[in-house]
Amino acid sequence: MAASFRWILQLHRDVPKAARFYSEGLDFTTNVCTLRWAELQSGSLKLALMHSPLEQVTQKGYSSLLSFTVTDINSTVTKLIALGAELDGPIKYEVHGKVAAMRCLDGHVLGLYEPV
């Protein structure tokens with residue numbers, strides 16, 4: 001039997017805050033959330049969040065990059081900014097759709113894509 005995908009893991013200083021960010025900002029379902037661990041889900045994708053001390057999380061460059069297709073990039077960007085994210089450059093209007101990069105909690109980056 002081939003291996004099956006389980007989840008993607010991100011390290012965060014504040015797991016409940018990170019879980020709220022994905023839950024409220026991108027409509028992930030929270031399966032489990034404690035101070036040290038959270039498991040969130042969107043369709044078949046599972047995102048695991050684990051607590052890590054400050055010196056192991058803070059990054060000067062980019063950390064993990066997760067890319068999501070969204071139905072309305074403008075409202076998603078607005079929600080994520082309200083939850084603490086920052087646009088990493090402008091929203092770009094490409095022939096195939098809109099794209100944006102958001103720098104989020106603990107240096108993680110989200111790519112957003114709204115198809116035409």
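## Burial and overall make-up

A residue is called buried here when its relative accessible area is under 20%, exposed when it is over 50%, and partly exposed in between, using a 1.4 Å probe and protein chains only. By that yardstick, buried residues make up 36% of the 116 residues in this chain. Please keep in mind that this is a predicted model, in which local features need pLDDT of at least 70, side-chain atom pairs count only at pLDDT 80 or more, and totals for chains, interfaces and linings use all residues. Residues are numbered from 1 along each chain as its sequence is written, and side-chain values use heavy atoms, with hydrogens and water left out.

The chain has three helices and nine strands; helices (H or I, at least four residues) and strands (E, at least two) are DSSP runs numbered from the N terminus. Along the sequence they follow the pattern β-α-β-β-β-α-β-α-β-β-β-β. With a contact taken as heavy atoms within 4.5 Å, 54% of the contacts between residues at least 6 apart in sequence join residues at least 24 apart.

## Confidence

The predictor's confidence in each residue is its pLDDT, on a scale from 0 to 100. The chain has a mean pLDDT of 88, and 87% of its residues reach 70 or more. Among the elements, strand β2 (residues 29–33) has the highest mean, 97, and helix α2 (residues 54–57) the lowest, 58. A friendly caution belongs here: where pLDDT is low, the predicted coordinates should not be read in detail.

## Strand β5 and its partner

Strand β5 (residues 65–69) has alternating side chains. Leu66 and Phe68 point to one face and are buried, while Leu65, Ser67 and Thr69 point to the other and are not.

Two strands pair if DSSP finds at least two bridges between them. β5 pairs with strand β9 (residues 109–115) in the parallel sense, over five bridges, and Ser67 stands opposite Gly111 in β9.

## Helix α3

Now to helix α3 (residues 73–82), where Ile73, Thr76, Val77 and Leu80 are buried. Seen down the axis of α3, these buried residues fall within an arc of 100°, so they line one face of the helix; the arc is that of the directions from the helix axis to the C-beta atoms. Their cover includes α1 (15–26), β6 (86–87), β8 (97–103) and β9. On the other side of α3, Thr78 and Ala82 are exposed.

The two ends also deserve a look. At the start of α3, a side-chain oxygen of Asp72 comes to within 3.2 Å of the backbone nitrogen of Asn74. Gly84, with a positive phi near 110°, follows the helix.

## Aromatic pairs

Rings of Phe, Tyr and Trp (its six-membered ring) pair if their centres lie within 6.5 Å; planes under 30 degrees apart count as stacked, over 60 as edge-to-face and the rest as tilted. The whole structure holds four aromatic pairs. In one of them, the rings of Phe28 and Phe68 have centres 5.6 Å apart and planes at 85°, so the pair is edge-to-face. Phe28 lies in the loop between α1 and β2 and Phe68 in strand β5, so the pair ties together parts that are 40 residues apart in sequence.

Both rings belong to buried residues: Phe28 has a relative accessible area of 4%, and Phe68 one of 11%. Ring pairs link Phe21, Tyr22, Phe28 and Phe68 into a cluster.

Terms used
A polar contact is a pair of N or O atoms within 3.5 Å; within protein, one must be able to donate a hydrogen and the other to accept it, and residues adjacent in sequence count only if both atoms are side-chain atoms.
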